[in-house]
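Trainee: Could you take a close look at one part with me, chain A, and walk me through how it is put together and where it meets its partner?

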Amino acid sequence: MTNLVLAAVEGTSDHRGLTAALFLVVVLLTVGITFWASRNTKTAADYYAGGRSFTGAQNGLAVAGDYMSAASFLGISGAIALSGYDGFLYSIGFLVAWLVALLLIAELLRNSGRFTMADQLAYRMKQRPVRTAAATSTVIVSIFYLLAQMVGAGALVALLLGIEGDALKNFTIAAVGVLMIFYVVVGGMKGTTWVQIVKAVLLMVGTVLITVLVLAKFGFNLSELLGTAAANSGHGQAFLEPGLKYGVSTTSKLDFVSLAIALVLGTAGLPHILIRFYTVPTARDARKSVMWAIALIGAFYLMTLVLGFGAAALVTGDAKQRIVDSGGNLASPLLAQAVGGGAGSTSGAVLLALISAVAFATILAVVAGLTLTSASSVAHDLYANVWKKGTASEKDEVKMARIAAFIIGGVAIVLAIPGQKLNVAFLVALAFAVAASANLPALLYNLFWKRFTTRGAVWSIYGGLISAVGLVFFSPTVSGAETALFPNGDWAWFPLANPGIVSVPLGFLFGWLGTVTSTDRTSESHFTELEVRSLTGAGAAK
Amino acid sequence: MVEDVSSPAHQSYERLHATGEFAELKSSYLGFVVPVTIGFMLWYFLYVVLSNWAPGFMGTKVVGNINVALVFGLLQFLSTFGIAWAYQRFSARRMDPLADELRAEFEREVGA
């Protein structure tokens, strides 16, 4: 915090001071909201599910705020700025995936669960093994995603503030971590949701503004924007066609198919998305939430297309090199500067600072959601139901959730600081792959297959989880390549960076195998209840 | 079980499950989501496969600098919005009234 203030004072002449000042505004605003939200957080339903009092529209904004990470905001526009069409191709999986959530998961989950993903899976199964498996998968998916976000945050904030040095990056990671712990410990689901709503509004307003400014430069003619982007990209027409990134070899093509499978099936299995459906009063509001989320996320990715090609078309000279050096992450901020009048202009500095602050708010909202998700699962599933076998009082459970948030946040800070030296960007894709391979098969079988058993649930979760993580461990992302996590070792026998094409079918296969080899039929007798409850909402948690 | 289901609740669930209304609710739900899910999955993976293995076709210009690849991508947005809207309409008309009726019966029998 002190560094930010110092930077604000020193750099008032350029965008850095303004950026730092806006970062402070974001921090103060979200801290204020969290205090305000904490006043009404008393029961377990308040802490885990925001009292189930959010409207469909509010939750839709929060879902969008939870989902669109800095990797989407800065990463996808950067991918388009650098590899043209393939960046756009990548973004589409993130949107189409929401149909799985809308049609198959959101409403049924709201009706049959209470606070965590495990609630739904454990509905008709033996509590302890299923909850342990589901909590393990929840914590692993959330921690992977969280680490990727926090490691990125250090580099990103340093980039956005334009300051070099490891000390500042370490400080940034610690500051983001402390803020995130604060939102979750103090504000619970209510505080976290409002932080996500504020972030979503800021993100949409910022993105619309830059999109309109970019399109105005081309007389609102998309074809002209694309033509200029292609000409300035150095790739010519190939920039507008698929192939620059994913089409270079048969392996890279298969890798993209594998990634697409993980994206489309993983979204509806991400625990931090799933628990958002519990924050609304009815299944119908859960449906409305997803409708809002689809509208917002779809509009956002459409605008990302303009931002990415806009950056390729309009950012030139030194700034263009900075986009390349940042791996694309600076495409949106530097585009904002360019459409505002370029480096040195006041309006350019204002827009750059504004977009940087949006990126900062984005990081905070996403990491808070992930920490809350892991903490809820540790407290509700592992502590209250596995360890205490349901005898813990509500007060103890919420206290445990707060302690868990503290510990998980602390562990994330401690891991993320040394993690900066490693290439951990693959962890986001891995989180989607685990969600698609471990969580989604178990959820779908539980909702739609009467015969599904405890053993099937446990096998599909651990089977999908171990397959996804194991294949990545033996892939070129971890060893055997210059860009790998351990570039000096080589134990990579699995050629693809994305495991989904193998691990998703394996998750389904293990769930089936576990079920047909099990003689336990108790889960079948409760399927009638689950069906009536999930489709009608009769007896759903209020 | 998440919550211990009381005996009257259990009986009510069993009874509602056997009603014609529930059978209709379930079949209209599955009748919508199963074909639509298969449809949008095939449609999306067709797009992914063509992007990977049919670059010539995808690079064909439609108008100005707008090529088939871009139109195909934008159609994925349109189809996603369209399916979401159609599902909302379908569920509000065909499913919600049945679900409301069954839930009201449950609450009458068991207490809300």
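Mentor: Start with the contacts inside chain A: of those between residues at least 6 apart in sequence, 79% join residues at least 24 apart. Bear in mind that this is a predicted model. The chain is helical throughout its list of elements, with 22 helices and zero strands, so those contacts are worth reading against the overall dimensions. For 542 residues, a compact globule would have a radius of gyration near 24 Å, and chain A comes in at 23 Å, which agrees. Along the principal axes, its C-alpha atoms fill a box of roughly 70 × 55 × 45 Å. As for burial, 65% of the 542 residues count as buried.

Now for a couple of backbone oddities in the loops. A:Phe220 sits in the loop between α9 (166-217) and α10 (222-233) of chain A, and its phi is positive, about 55°, although it is not a glycine. That's worth a second glance, because most residues other than glycine have a negative phi. A:Phe220 also counts as exposed, because it has just 11 C-beta neighbours inside 10 Å and the cut-off for exposed is 12 or fewer. A:Lys389 is another case: phi is near 50°, again positive in a residue other than glycine. You'll find A:Lys389 in the loop between α16 (346-387) and α17 (394-419) of chain A. With 10 C-beta neighbours inside 10 Å, A:Lys389 counts as exposed too.

On to the partner. Here 46 residues of chain A are in contact with 47 residues of chain B. On the chain A side, α6 (85-112), α10, α11 (250-266), α13 (283-314) and α22 (527-536) each supply at least two of the touching residues. The largest share, 10 residues, comes from α6(A). Notice that α10 has turned up already: the loop holding A:Phe220 runs between α9 and α10. By class, the side of chain A that touches chain B has 28 nonpolar, 10 polar and eight charged residues.

While you're looking across at chain B, follow its helix α4 (residues 68-110). That helix bends by about 45° at B:Met95, and a proline, B:Pro97, follows within four residues. Just after α4(B) comes B:Gly111, with a positive phi of about 95°.

Notes:
Residues are numbered from 1 along each chain as its sequence is written. Chains are lettered from A and ligands numbered from 1 in the order in which they are written. This is a predicted model: local features need pLDDT of at least 70, side-chain atom pairs count only at pLDDT 80 or more; totals for chains, interfaces and linings use all residues. A residue is buried if 20 or more other C-beta atoms lie within 10 Å of its own, exposed if 12 or fewer, and partly exposed in between; C-beta atoms are placed from the backbone. Two residues are in contact if their C-beta atoms, placed from the backbone, lie within 7 Å. Ala, Val, Leu, Ile, Met, Phe, Trp, Tyr, Cys and Pro count as nonpolar, Asp, Glu, Lys and Arg as charged, and the others, Gly among them, as polar. The bend at a residue is the angle between axes fitted to the seven residues ending there and the seven starting there. The radius of gyration is taken over C-alpha atoms; the globule rule is 2.2 Å times the number of residues to the power 0.38.
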